[in-house]
Each structure stands twice: as structure tokens, then as C-alpha cells.
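Visitor: I am new to this structure and would like to learn how to read it, one feature at a time. Could we start from a single residue and work outwards?

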Amino acid sequence: HAMGDKLREIIDDESMDHMGFEEKIKLMLDAETIARSDRKVERLIRQARFEYKDASIEGIQYPPERKLSRDRVDRLTACRWVRDRETLIIISGTGSDKSYISQALGNAAFRNGIPNRYVRPQDMLEQIDRARLESQSECYRQVDQFKSVELLILDDFLTTSATAADSVLIFEIMEARNGTGATLIASQCEPGQWYVRTGSELIADGTLSRITGADRYLELEGPDMRRKPDNDTRPDILKKE
């Protein structure tokens, strides 16, 4: 369809009449390539189960009080930190866009050809529990997916207390990812508060030692971005589908 649409555009646009046959074919092929890439990204976003499916780097807001620069976001968008298998921690209060920014970076990773998965830890644990009820092999398969995906995005990390069994599973996944995959952790709580939310002191030490030494750290401040000012004409990017 993209090639056909481009062909109609070429036929209807007199300014393209001077172009040679090969140039016109190249325009058509480029249009089809871009369209296929966009469709692939859309499919991957659906599979990643993003809460904000339209989250994009272009939609991120930069109020001065937030202390977040476009240059820093642009560096993260390049995804070098993902390819270097680093850990990124984003800390912010409620409504400060941590979830939107996390998913926008996941979207950027897809556009860089990097598979990723977005999930809240509680949902991740529930998925694993359901798989365990089905069969032990299905449980292993689910756990391996979280261990092996190139970028794992964990939102609302340890905002509620975890049981000892859940803490062990989180530790197992984080341990397997250490040095083998990139992890983005977004939370309303400072790392110091995570310690008291794990069900095992020993596991807490092991897990947090692998997380709190993160290579990159963003602490977002500023207004509640869920409350759009009256004079703000931007699209309602935070609306769920």
C-alpha cells in the first residue's frame, strides 16, 4: 500500500515530473521500507504491553523544575546504554511521567531494533505464577523470557512489599540479567526504601547490590504531568487507550 500511495503522489505532483524512472522507484521503495518498519514497531509495542502505546520521545515535556534536559534524553534515546547492558534507574513522585518516559525509551529501543518488555513486578510475578499452574516447563519459559530479553523495563518497582518467595524470584531474574541484558527500573520510592519492602534481608542485600550500583540514574522533579494546564495545547499523551 505504501508503494502504491507513493506512486499516486508521484503521478499527481507535477514537481516530480523532472525525476528519472530510477529516482521515482527509489522513492516508492523507501516509502514501503519506512511503512514496514513502522508496522513492525507497532507490533512490538503491542507485544511489549505498554500502558501508553503512543509514548514517544517527542511527547516528553521539559518544564524547568523537572531538571531533565533534552540532551540527556537524546543520549538515552541513542540506546548505547542498552547495548552496553547497563542499568538505568528513574525515580519520581506520582504523576511525574516516569512511566511515560520509561515506555518512550522502550519505543526508542524498538526503533533501534532492540527487543524489550515492559512490566510491573507484581504483574510479572503473577504471570509466572499462572504459568506455574499450567506446567513447570511453562513457568521456566516465562522466567527465561524476563531473564533474556535485551531490555527489561520494570515500572513501579517495589512500591509495595514483596514476600520472601517473590523476593527470591526477583533476585534470580536480576542476577541472571547482570552483565547480560539492560534493565530500566522506574519507581516512586528511593532505593533506600526498597530494602524494607523485600521479604528477606539476605535476598535484599543481594538484589539491591546489583541495582543500586546502576550505571545511570534519573531523579525527576516538577509538577504533576497528569494535570494539564489550561493553556497547554499539547496532545493528551497520558491518556490510556
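**From one residue to the sheet**

Guide: Let us begin with alanine 186, which is found in strand 4, and keep in mind that the model is a predicted one.

Visitor: Is alanine 186 buried or exposed?

Guide: Burial is read from the relative accessible area, and a residue counts as buried when that value is under 20%. Alanine 186 has a relative accessible area of 0%, and therefore it is buried.

Visitor: Which residues is alanine 186 in contact with, leaving aside its neighbours within four places in sequence?

Guide: The contacts of alanine 186 are Ile90, Lys98, Ser102, Leu154, Asp155, Asp156 and Phe157. Serine 102 shows how sequence and space can be read side by side, since its C-alpha lies 7.2 Å from that of alanine 186 although 84 residues separate the two in sequence. For the chain as a whole, when contacts between residues at least 6 apart in sequence are considered, 79% of them join residues at least 24 apart.

Visitor: How should I read the pairing of strands, and what is the strand order of the sheet?

Guide: In general, the strands of a sheet pair through backbone hydrogen bonds, in either a parallel or an antiparallel way. Here there is an open sheet of five strands, paired in parallel and ordered 2-3-4-1-5. Strand 2 (116-119) and strand 5 (216-219) are the edge strands, each of which pairs on one side only. On average, neighbouring strands of this sheet are turned by 10° against each other, with direction ignored.

Visitor: Where does strand 3 meet strand 4, and how many bridges join them?

Guide: Strand 3 (residues 151-154) and strand 4 (residues 182-187) run parallel and are joined by four bridges. Leucine 151 stands opposite alanine 182 in strand 4, while leucine 154 stands opposite isoleucine 185. Between these two strands the chain passes through helix 8 (residues 164-177), making a β-α-β crossover that is right-handed. Strand 3 also pairs with strand 2, again in the parallel sense and over four bridges, with valine 119 opposite leucine 154.

Visitor: Which residues of strand 3 are buried on its two faces?

Guide: Leu151 and Ile153 lie on one side and Leu152 and Leu154 on the other, and with all of them buried, both faces of strand 3 are covered.

Visitor: What does the secondary structure of the chain come to, and what share of its residues is buried?

Guide: The chain has 10 helices and five strands, and buried residues make up 46% of its 241 residues. About 13400 Å² of the chain is exposed, with carbon and sulfur atoms supplying 48% of that area.

Note on methods. Residues numbered from 1 in each chain as written. Predicted model: local features only at pLDDT ≥ 70, side-chain atom pairs only at ≥ 80, totals over all residues. Heavy atoms only, no water. Pairing = 2+ DSSP bridges. Axes fitted to C-alpha atoms, helices over the stretch in contact; angles between N-to-C directions. Buried < 20%, exposed > 50% of the residue type's maximum accessible area, 1.4 Å probe, protein only. Contact = heavy atoms within 4.5 Å. Areas by Shrake-Rupley, 256 points an atom, 1.4 Å probe, with all protein chains shown as cover. Right-handed = clockwise from strand over helix to strand, strands pointing away.
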